[in-house]
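Student: I have a model open and want to know how its labels are earned. Can we test them one by one?

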Amino acid sequence: MSRPWNFAAGPSTLPLEVLQQAAAEMCDWNGSGTSVMEMSHRGKHYSRIRDEAEADLRTLLAVPDDFEVLFMQGGASAQNAIVPMNLIGRAGLGRADYVLSGHWAGKSFKEAARYGDIAVAATAESETVIGGHRFGPWCWLPDPAEWRVRRDAAYLHLCANETIGGVEQAVMPDMAALGAPDVPLVADMSSNILTRPIDFSGLGMVYAGAQKNAGPAGVTLTFVRKDLMGHALPHCPSVFDYANVAGAQSMFNTPPTYAIYVAGLVFKWLLRQGGVAAMD
Ligand SMILES: Cc1ncc(COP(=O)(O)O)c(C=O)c1O
């Protein structure tokens, strides 16, 4: 069998070992006599699959205990609305700042504008010259030293890897140095999650559609600092309220069980490769 390299965006290559294991277990998971697709999401077999997936993901990224790991649906695009609906109302703040680094940050910004007072902290929309080199619009990242962050913003959103423009915010900015030590960072890591360790210290939340780096489409990996939950706007759908999802161990409704199972196999594969340090 010849397998092409897939450098395209969208769903990407999965490790062959993972696909082969999923194929071998397709009709009978671990002697259960059923496919993972057919299992009750509240039964003992699936609970084990889910719990191991979360534990392995926590190990891979050294997720601190004060963060919930949520397996959600709707992709990163849904988070563009779910994030402001959950976080913008904290302490009645009603405002959030966004770094415009390209296509995906722009989409997040546009969606968030429906939920509160949203401002641009920095933008890469114009040409610039850095170190004598000319960069076109959306081909560079504004220097964090120049970002304008409101001290009373509920959060600062950035896209850690602009999948289309190809620019990566590899190191998270120091919010204290930006004059906004209490503003949590929210990072869309859809296309660089699990490629390097994450420093959670300034982060309030991280989200990533699984389909690029972690498994099939259908599950969104979501990490939310616990103290930021419980402030959802009144019109936030119950199923998208982080506090509800966390309270129900990501089973507020039927989760995307098969996608979580395959992502779990990828997490185990990543651990066998040496984890995110080896990926980096
Ligand atoms: C950085 C980034 N954010 C968001 C998205 C949208 O993700 P989804 O299709 O899971 O909604 C993508 C998809 O390519 C992306 O690369």
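Student: What makes the link between the ligand and the side chain of Lys212 a polar contact?
Tutor: This is a predicted model, and the distance decides. An oxygen atom of the ligand is 2.7 Å from an N or O atom in the Lys212 side chain. The cut-off for such a pair is 3.5 Å, so the pair counts.

Student: How do you know that Thr163 and Ala76 qualify?
Tutor: Apply the cut-off of 3.5 Å again. For Thr163, a side-chain N or O atom is 2.5 Å from a ligand oxygen. For Ala76, the partner is a polar backbone atom, 3.1 Å from an oxygen of the ligand. Both values lie within the limit, so both are polar contacts.

Student: How much of the ligand does the protein cover?
Tutor: On its own, the ligand has 400 Å² of accessible area, and the protein covers 86% of that.

Student: Why is Trp104 listed around the ligand?
Tutor: A listed residue has a heavy atom within 4 Å of the ligand, and Trp104 is on the list, so it passes. The list also includes Cys159, Asn161 and Asp188. By class, the shell holds three nonpolar, six polar and two charged residues. Helix H3, residues 75-87, gives the most, with three residues.

Student: Why are E1 and E3 called edge strands?
Tutor: Follow the order of this open, seven-stranded sheet: E1-E11-E10-E9-E6-E2-E3, with mixed pairing. E1 (67-72) and E3 (117-123) each have a single partner strand, so one side of each lacks a neighbour in the sheet. From one strand to the next, the twist averages 20 degrees.

Student: What makes E6 and E9 a pair?
Tutor: Pairing needs at least two bridges, and E6 (156-159) and E9 (185-188) have four, so they pair. The two strands run parallel. One bridge matches His157 with Val186 in E9.

Student: How do you know that helix H2 packs on the sheet?
Tutor: H2 (44-61) touches E1 and E11 (220-225). Contact here requires heavy atoms within 4.5 Å. The direction of H2 makes about 130 degrees with that of E1.

Student: Which strands does H3 lie across?
Tutor: H3 lies across E1, E2, E9, E10 and E11, and runs at about 155 degrees to E10.

Note on methods. Residues numbered from 1 in each chain as written. Predicted model: local features only at pLDDT ≥ 70, side-chain atom pairs only at ≥ 80, totals over all residues. Heavy atoms only, no water. Polar contact = N/O pair within 3.5 Å; in protein donor to acceptor, adjacent residues only side chain to side chain. Areas by Shrake-Rupley, 256 points an atom, 1.4 Å probe, with all protein chains shown as cover. Nonpolar A, V, L, I, M, F, W, Y, C, P; charged D, E, K, R; others polar. Axes fitted to C-alpha atoms, helices over the stretch in contact; angles between N-to-C directions.
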